[in-house]
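This report describes how the parts of one structure are arranged. The sequence and the structure come first, and the text follows them.

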Amino acid sequence: MAETLLQIRNLRIEATAYPPGEPPQDIVIVDDVSLTLEKGRVLGLIGESGAGKSTIGLSALAYGRGGVRITGGEILLNGRDLRKLRPAGMRAARGREVTYVAQSAAAAFNPAKRLIDQVIETTLQHGLMPRTAAEMRAVELFAKLGLPDPETFGKRYPHQVSGGQLQRAMTAMALCPAPDLVIFDEPTTALDVTTQIDVLAAIKEAIADTGVGALYITHDLAVVAQVSDDIMVLRGGKTVEYGPVRQIIEAPQQDYTRALVSVRGIEHEEKTPTAEPVLSVKGVTARYSGTRFDVLRDISVDLSPGQTLAVVGESGSGKSTLARVITGLLPPSQGEIVVAGRQLSPDLKSRTREDLRELQMIYQMADTAMNPRHTVGTIIGRPLEFYFGLKGAARRKRVQELLDEIEMSEGYIDRYPAELSGGQKQRVCIARALAAKPKMIICDEVTSALDPLVADGILKLLLNLQKIEQVAYLFITHDLATVRAIADSIAVMYQGEVVRYGTKSEVLAPPFDDYTDLLLSSVPEMKLGWLEEVIAHRKMESAGH
Amino acid sequence: MRNIPLSALVGLIITAGFFLAAIFAPWIAPYPLGAAVGGVWKAASASHWLGTDGIGRDVLSRMIWGGRTTIWIATVATILSFGTGATLGFVAAVMGGWVDQTISRFVDLVMSIPSLIFALVVLTVIPPSITVLILVMGFLDATRPFRVARAVAVDITVMDYVEAARLRGEGQLWIIFREVLPNALSPLVAEMGLRFIFQVLLLSTLSFLGLGVQPPLTDWGGIVKENKDGLVYGVTAALYPAVAIASLAISVNLVADWILNRTTSLKGGRGG
């Protein structure tokens with residue numbers, strides 16, 4: 001029996017909410033959660049946003065973020081209850097026995113200091129080893145985490161390294177004082193899939209080598225299945241299911257866990273492209289004014305009526321810029337956009353109202369895509385009034401019909417966006433786009449900011465609406481699972497060019513080009529040992545070459 | 001109107017008191033504005049609550065009549081300065097480019113001249129009437145609301161919902177008044193409370209210097225000017241306008257703070 005490192009018993013965490021115009025209320029964020037972590041093992045905490053997973057993670061540091069109070073239970077780290085420690089005792093434990101890796105490394109590093117100074121700061125602060133020894137340990141960790149030029153890597157500043165490297169540098173920072181426990185708070189969520197897999201492999205190897213215990217927090221079950229020994233599924237601050245990783249993935253007991261495991265199980269029959277596309281992008285090249293770099297180079301894609309074209313790529317591949325060119329926000333330097341047989345003016349200002357109506361847009365962040373001072377009725381009703389001249393009762397009736405279509409029937413029409421959940425907000429944005437009766441809708445990463453189950457609901461809704469309204473989607477995403485679920489055709493973009501384009505079955509069938517292969521094999525799969533397989537496969541390939 | 005905090009309630013009552021006194025001055029003021037009704041520089045008494053001034057006029061009556069002039073001019077000037085300033089600020093932010101550059105640089109030019117001196121020069125050339133005063137004060141002060149409105153609107157125009165409105169084909173007027181304005185209102189309201197007080201102070205300064213409201217009309221600045229000599233003999237008539245200005249300033253800002261608190265909350269606030 002291994003030694004117990006962290007034991008949390010009946011943890012209860014509360015915060016005070018201040019709803020305007022009402023007296024403050026205490027809300028329970030974490031309710032009666034217990035867990036045990038042994039030395040050298042990894043426990044995955046998984047749940048959607050608001051499930052309390054980060055709050056539990058931080059409680060192992062005896063820390064509550066932004067007015068959050070730990071009001072009950074015990075947090076035993078190495079047998080001592082952290083809640084009973086004085087502030088000085090907590091300071092001694094933090095950074096020495098337990099360390100933390102944050103989600104956004106770019107925001108967590110001080111841009112004015114060299115990486116090495118920040119990586120060894122905690123170690124020096126606690127007087128664990130002299131500076132030279134700490135620097136040597138940091139270099140060792142850099143090498144172990146697969147960072148390039150480990151000897152000189154630390155001399156760089158945060159802006160001089162990539163996001164994936166920065167995340168690994170932060171892992172090195174957490175491991176440097178040789179802690180007993182590391183808390184990883186969504187360490188790969190902000191990274192591209194192709195980067196995520198490297199960071200994931202590096203973290204897993206470093207955990208195994210150093211024998212440190214870890215809490216791994218994420219919303220992606222496929223990711224956590226690769227690195228953890230045990231998994232705890234959380235929802236609304238309560239434990240839903242807690243068990244070994246194999247049991248959770250292969251034999252989930254609870255309905256909620258089953259839903260998480262089978263997420264993205266959407267079946268979609270591929271449609272063959274028709275002769276006359278609703279949108280045709282012909283040889284488009286574009287650059288932002290004042291720059292000398294073409295963000296898009298010679299892009300040509302077609303979208304058939306009532307079908308879905310998925311544009312896939314990592315951040316910086318130019319996929320969102322393509323949307324800006326199509327909508328007219330960024331006139332291209334070459335090439336043309338044809339919608340429904342009419343060539344569109346490159347500039348938004350000289351497009352007719354009819355051109356604008358045919359082409360609607362749904363944004364990634366539904367929060368900022370709706371005016372917070374307008375009601376749902378105004379948000380959806382405005383396009384009706386603007387394009388079709390609907391007013392008063394007729395307009396309200398049509399808004400209600402649209403709300404029925406997005407499955408938000410009763411009592412939403414007079415609400416403000418702030419009174420809706422994330423998924424509902426995105427649904428209202430969909431209704432606003434549909435209100436214009438467009439021929440096509442550009443969906444820019446519409447599910448990226450949503451929890452998996454909610455995102456699933458949105459995708460199903462979009463597919464359903466496509467059947468009813470015969471609207472075409474240009475679906476911009478970095479998530480290949482989404483693409484598999486809904487696309488008819490796929491365009492893979494890399495560094496401003498389309499590297500692979502065709503129907504879904506063509507694009508997803510071998511032989512692959514190098515980039516598509518890398519992209520496809522990097523998407524985490526919901527099975528054990530997937531990470532090892534991919535890494536082994538890649539090593540074999542590079543050895544073979 | 002439930003749950004008004006105490007500070008806002010106090011502010012609301014005092015502000016309302018001042019405005020009501022201004023509106024109903026003809027009925028409230030015990031004596032006419034210009035009538036000499038008692039001895040010279042008499043102390044407070046039952047018939048003259050705040051005493052009398054240098055030529056035997058009732059100070060309380062003059063305070064009420066003067067307050068009417070002060071509040072009226074300051075209110076209209078504030079509305080004028082906010083109307084022009086905020087509209088131009090929104091136009092500059094939404095249109096951008098050379099429109100923004102032209103308006104912004106012109107405003108910089110106006111702001112580089114201290115507005116009191118600018119006003120003094122203008123009012124020396126043009127004989128001051130109430131209309132002229134309002135126009136001068138309103139336009140000179142429009143530079144501040146312009147800066148605030150532009151700064152706030154620039155942040156709002158980059159939001160996705162403004163882009164969505166542009167993609168829909170909405171005109172500039174819709175974008176300015178329906179997308180930007182409701183979201184810019186709370187900082188503007190806070191600024192408005194502050195600017196109203198500055199208008200009161202500017203008007204009082206001008207009147208004290210003799211370039212503001214002209215006799216036989218009077219305002220709070222004018223009352224200070226008329227009674228400043230009395231201070232030497234221990235007559236406090238000149239201090240009442242100061243007290244009035246200070247309490248008006250504080251109470252208006254208490255109300256502005258409360259409105260700001262209510263409207264910044266996107267969940268509960270319906271004020272926008």
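In this predicted model, domain 1 of chain A touches domain 2 of chain A through 8 residues of domain 1 and 6 residues of domain 2. On the domain 1 side, helix 9 (193-210) and helix 12 (255-261) of chain A each contribute at least two residues to the side that touches domain 2. Sorted by class, that side of domain 1 of chain A holds 3 nonpolar, 3 polar and 2 charged residues.

Where do the two domains of chain A lie along the sequence? Domain 1 covers 4-261, while domain 2 is made of two segments, 279-375 and 419-509. The centres of domain 1 and domain 2 of chain A, taken over C-alpha atoms, are 35 Å apart.

Chain B comes next. How many helices and strands does chain B have? Chain B contains 11 helices and 0 strands, and along the sequence its pattern reads α-α-α-α-α-α-α-α-α-α-α.

The table lists some values for chain B.

| Property of chain B | Value |
|---|---|
| Span of the C-alpha trace along its principal axes | about 75 × 50 × 30 Å |
| Buried share of the 272 residues | 43% |
| Share of contacts with a separation of 6 or more that join residues 24 or more positions apart | 67% |

The last row of the table concerns contacts in chain B with a separation of 6 or more: 67% of them are between residues 24 or more positions apart in the chain.

Definitions and conventions. Residues are numbered from 1 along each chain as its sequence is written. Chains are lettered from A and ligands numbered from 1 in the order in which they are written. This is a predicted model: local features need pLDDT of at least 70, side-chain atom pairs count only at pLDDT 80 or more; totals for chains, interfaces and linings use all residues. Domain bounds come from an automatic or database domain assignment. Two residues are in contact if their C-beta atoms, placed from the backbone, lie within 7 Å. Helices (H or I, at least four residues) and strands (E, at least two) are DSSP runs, numbered from the N terminus. Ala, Val, Leu, Ile, Met, Phe, Trp, Tyr, Cys and Pro count as nonpolar, Asp, Glu, Lys and Arg as charged, and the others, Gly among them, as polar. A residue is buried if 20 or more other C-beta atoms lie within 10 Å of its own, exposed if 12 or fewer, and partly exposed in between; C-beta atoms are placed from the backbone.
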